[in-house]
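User: I'd like to go through this model and hear why each label gets used. Could you set every value against its cut-off as we go?

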Amino acid sequence: MSLVVDNVSKEYPTRGTEPLSVLRNACLTADRGDAVAVMGPSGSGKSTLLHILGTLDRPTSGKVALDGTDPFGLPEAQLAQFRNARIGFVFQEHHLLPQCSVLENVLIPTLVSKTTNPAETEAYARQLLDRVGLAGRLDHRPAELSGGERQRVAVARALVLKPTLLLADEPTGNLDRTNAQSVGAMLLELHKQERTVLVVVTHSADLAKLFPRRFEMNDGTLQPA
Ligand SMILES: Nc1ncnc2c1ncn2[C@@H]1O[C@H](COP(=O)(O)OP(=O)(O)OP(=O)(O)O)[C@@H](O)[C@H]1O
Ligand SMILES: [Mg+2]
């Protein structure tokens, strides 16, 4: 399995005696090509799970393995490299740099990567932008794009280093229904072509129903839906 989440829990300390338990023994395994949607009420722990999968936050207990490696066993500098190389992120906000062009934004993850060849990655970035329908927008700044177009750039950026794991937290949350459908479909299509493990958190039942595997988070407990 490319991704193994084994009894992952997350607690936050509080001023009282009991810690706040936001994730309880979450288990999930996925292989390349698997697409998983996570739904559930606000505050149930979905983003917490995604942050842990993305190695942006550490579990209180339990194990995560990506391509057989426990990222939390790595020293900080190696963990940053591992995250950069293996994991792509798409957030609800696009987080594009306003002063950079569309092409430059897609290339940002490659700037800190030690393993990439600049000419090859630029060619791949152009190809990804073509695949998301933005070949005619390479020199635009984010402010000169529509909301849906910005999210397409964010998807291309997440894939530019060919990650194993593609994570998306409410990727269509800021879009109208039509744009949400097309960005969601495009995310799934690229995931299929690139054979990533895709984990998407969404409130949209329309988006979730496109996913072969669905989970529901309730009060920190993850269950197949
Ligand atoms: N750093 C933190 N310290 C303490 N509590 C936190 C922290 N981060 C999150 N929480 C709590 O953990 C719970 C789960 O938060 P999380 O962001 O994972 O929810 P969510 O399911 O993504 O919700 P939403 O759908 O609104 O985005 C919330 O009750 C939140 O208040
Ligand atoms: Mg959230």
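User: How do the residues of the shell around ligand 1 divide by class?

Analyst: There are three nonpolar, seven polar and one charged. The classes are fixed lists: Ala, Val, Leu, Ile, Met, Phe, Trp, Tyr, Cys and Pro are nonpolar, Asp, Glu, Lys and Arg are charged, and the others, Gly among them, are polar. Before we go on: this is a predicted model, where local features need pLDDT of at least 70 and side-chain atom pairs count only at pLDDT 80 or more, while totals for chains, interfaces and linings use all residues. Residues are numbered from 1 along each chain as its sequence is written, and chains are lettered from A and ligands numbered from 1 in the order in which they are written.

User: Which residues are around ligand 1, and what puts them there?

Analyst: The rule is a C-beta atom, placed from the backbone, within 6 Å of the molecule. That gives Tyr-12, Leu-20, Val-22, Gly-40, Ser-42, Gly-43, Ser-44, Gly-45, Lys-46, Ser-47 and Thr-48. Strand S2 (20-30) and helix H1 (46-53) each supply at least two of them, and the largest share, three residues, comes from H1. The element names are DSSP runs numbered from the N terminus: H or I of at least four residues for a helix, E of at least two for a strand.

User: On to the helices. What makes H3 oblique to H4?

Analyst: H3 (residues 102-111) and H4 (residues 118-131) pack at about 125°, with their axes 10 Å apart. So H3 is oblique to H4: under 35 degrees counts as roughly parallel, over 145 as roughly antiparallel, 65 to 115 as roughly perpendicular, and the rest as oblique. The axes are lines fitted to C-alpha atoms over the stretch in contact, and angles run from 0 to 180 degrees between N-to-C directions.

User: And which way does H3 cross H4, and with which residues?

Analyst: The crossing is right-handed, the term for a near helix turned clockwise from the far one by less than a right angle (anticlockwise would be left-handed). From H3, Val-102, Leu-103, Val-106, Leu-107 and Thr-110 meet Thr-121, Glu-122, Ala-125, Arg-126, Leu-128 and Leu-129 of H4. That contact has seven nonpolar, two polar and two charged residues. In contact here stands for C-beta atoms, placed from the backbone, within 7 Å.

User: How do H5 and H6 lie relative to each other, and how do you know?

Analyst: The angle between H5 (residues 147-159) and H6 (177-194) is about 15°, and the axes are 10 Å apart. Set that against the cut-offs and they're roughly parallel. They too make a right-handed crossing. H5 brings Gly-147, Gly-148, Gln-151, Arg-152, Val-155 and Leu-159, while H6 brings Asn-179, Ser-182, Val-183, Met-186, Leu-187, Leu-190 and Glu-194. By class that's six nonpolar, five polar and two charged.

User: Is Pro-171 buried or exposed, and what decides that?

Analyst: Buried, because Pro-171 has 27 C-beta neighbours inside 10 Å, and the label needs 20 or more (12 or fewer is exposed, in between is partly exposed, with C-beta atoms placed from the backbone). Pro-171 sits in the loop between strand S6 (165-169) and H6. Beyond four places in sequence, Pro-171 touches Val-90, Gln-92, Gln-151, Val-183, Leu-187 and Val-200.

User: Then what is Arg-195 called, and why?

Analyst: Partly exposed, because the count is 14 C-beta neighbours inside 10 Å. Arg-195 is in the loop between H6 and strand S7 (197-201), and its contacts beyond four places in sequence are Arg-32 and Gly-33.

User: What makes the phi angles of Asn-7 and Glu-170 worth flagging?

Analyst: Most residues other than glycine have a negative phi. Asn-7, not a glycine, has a positive phi of about 50°, and Glu-170 has a positive value near 50°.

User: Buried or exposed, for each of those two?

Analyst: Asn-7, in strand S1 (residues 3-12), is exposed because 12 other C-beta atoms lie within 10 Å. Glu-170, in the loop between S6 and H6, is buried because its count is 20.

Note on methods
Two residues are in contact if their C-beta atoms, placed from the backbone, lie within 7 Å.
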